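Student: I would like to go through this structure with you. Could we begin with the charged pairs and then move to the strands?

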Amino acid sequence: MYEFLAPCDVVMYSEQMRPEFAAWGMDGGHSGQPASVTLVRRSGERIRVTKARLDAGTGDRLVLVTGGGGG
């Protein structure tokens, strides 16, 4: 997680957030969870980011979650 200490222009691109990019399960196991990127505004508003250019304000947070392994 990254917290912005000053206003900033953020350019974000993540292709691994779609379910088809999740790790495959083996021998009947389920697929893992795909990655996610979320901009959490200081106000609590949550914006899921895939391909975007956003203005981040002081106190906003960028939360990056890597994909989980398949079972």
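**Salt bridges and strands**

Tutor: The count of salt bridges comes to three. Please keep in mind that this is a predicted model.

Student: Which residue meets Glu3 in a salt bridge?

Tutor: The side chain of Arg61 does, with an N to O distance of 3.4 Å. Glu3 belongs to strand S1 and Arg61 to strand S6, and the pair links distant parts of the chain, 58 residues apart.

Student: How accessible are those two, Glu3 and Arg61?

Tutor: Glu3 is partly exposed at 44% relative accessibility. Arg61 is also partly exposed, with a relative accessible area of 36%.

Student: What does Asp9 pair with?

Tutor: Asp9 forms a salt bridge with Arg53, and their closest N and O atoms are 2.5 Å apart. Since Asp9 lies in strand S2 and Arg53 in strand S5, the pair ties together parts that are 44 residues apart in sequence.

Student: And is Arg53 buried or exposed?

Tutor: Arg53 is exposed, at a relative accessible area of 63%. Asp9 is partly exposed, with 35%.

Student: Which residue does Arg41 meet in a salt bridge?

Tutor: Arg41 meets Asp60, at 3.0 Å from N to O. Arg41 sits in the loop between S3 and S4, and Asp60 in the loop between S5 and S6, so this pair ties together parts that are 19 residues apart in sequence.

Student: Is Asp60 buried or exposed, then?

Tutor: Asp60 counts as buried because its relative accessibility is 5%, and the cut-off for buried is under 20%.

Student: What does Asp60 touch?

Tutor: Leaving aside residues up to four places away in sequence, Asp60 touches Tyr2, Glu3, Phe4, Leu39, Val40, Arg41, Arg42 and Asp55. The list thus includes Arg41, its salt-bridge partner.

Student: Changing topic: what is the strand order in the sheet?

Tutor: The sheet is open, has four strands and follows the order S1-S6-S3-S4, with antiparallel pairing. Strand S1 (2–3) and strand S4 (46–48) stand at the edges; each has a single partner strand, so one side of each is left without a neighbour in the sheet.

Student: How many bridges join S3 to S4?

Tutor: Three bridges join S3, which covers residues 36–40, to S4, and the two run antiparallel. Leu39 has Ile47 as its bridge partner in S4, and Val40 has Arg46.

Student: What lies between S3 and S4?

Tutor: S3 and S4 form a hairpin with five residues between them. In the turn, Gly44 has a positive phi of about 105°.

Student: And how many bridges pair S3 with S6?

Tutor: S3 and S6 pair over five bridges, in the antiparallel sense. One bridge partner to note in S6 is Val63, which is matched with Thr38.

Student: How many residues of S3 are buried?

Tutor: Five of its five residues are buried, and S3 is mostly covered.

Student: Which way do the S3 residues point?

Tutor: Ser36, Thr38 and Val40 point one way from S3, while Val37 and Leu39 point the other way, and all are buried. In a regular strand, side chains alternate between the two faces of the sheet.

Student: Which residues make up the largest nonpolar core?

Tutor: That core has nine residues in all: Phe4, Val10, Met12, Val37, Leu39, Val49, Leu54, Ala56 and Leu62. Strand S2 (8–13), S3 and S5 each supply at least two residues of this core.

Student: Take Ala56 from that list. What does Ala56 touch?

Tutor: Not counting residues up to four places away in sequence, Ala56 touches Phe4, Ala6, Pro7, Cys8, Val10 and Arg41. Among them, Phe4 and Val10 are also members of the core.

Student: One last item: where is Gly68 found?

Tutor: Gly68 is found in the segment after S6, and at 30% relative accessibility Gly68 counts as partly exposed.

Student: What does Gly68 touch?

Tutor: Gly68 touches Ala23, Gly32 and Gln33, again not counting residues up to four places away in sequence. The C-alpha atoms of Gly68 and Ala23 are separated by 7.0 Å, although the two residues are 45 residues apart along the chain.

Note on methods. Residues numbered from 1 in each chain as written. Predicted model: local features only at pLDDT ≥ 70, side-chain atom pairs only at ≥ 80, totals over all residues. Heavy atoms only, no water. Pairing = 2+ DSSP bridges. Contact = heavy atoms within 4.5 Å. Core = buried A, V, L, I, M, F, W, Y, C linked by side-chain atoms within 4.5 Å. Buried < 20%, exposed > 50% of the residue type's maximum accessible area, 1.4 Å probe, protein only. Salt bridge = Lys/Arg side-chain N within 4 Å of Asp/Glu carboxyl O.
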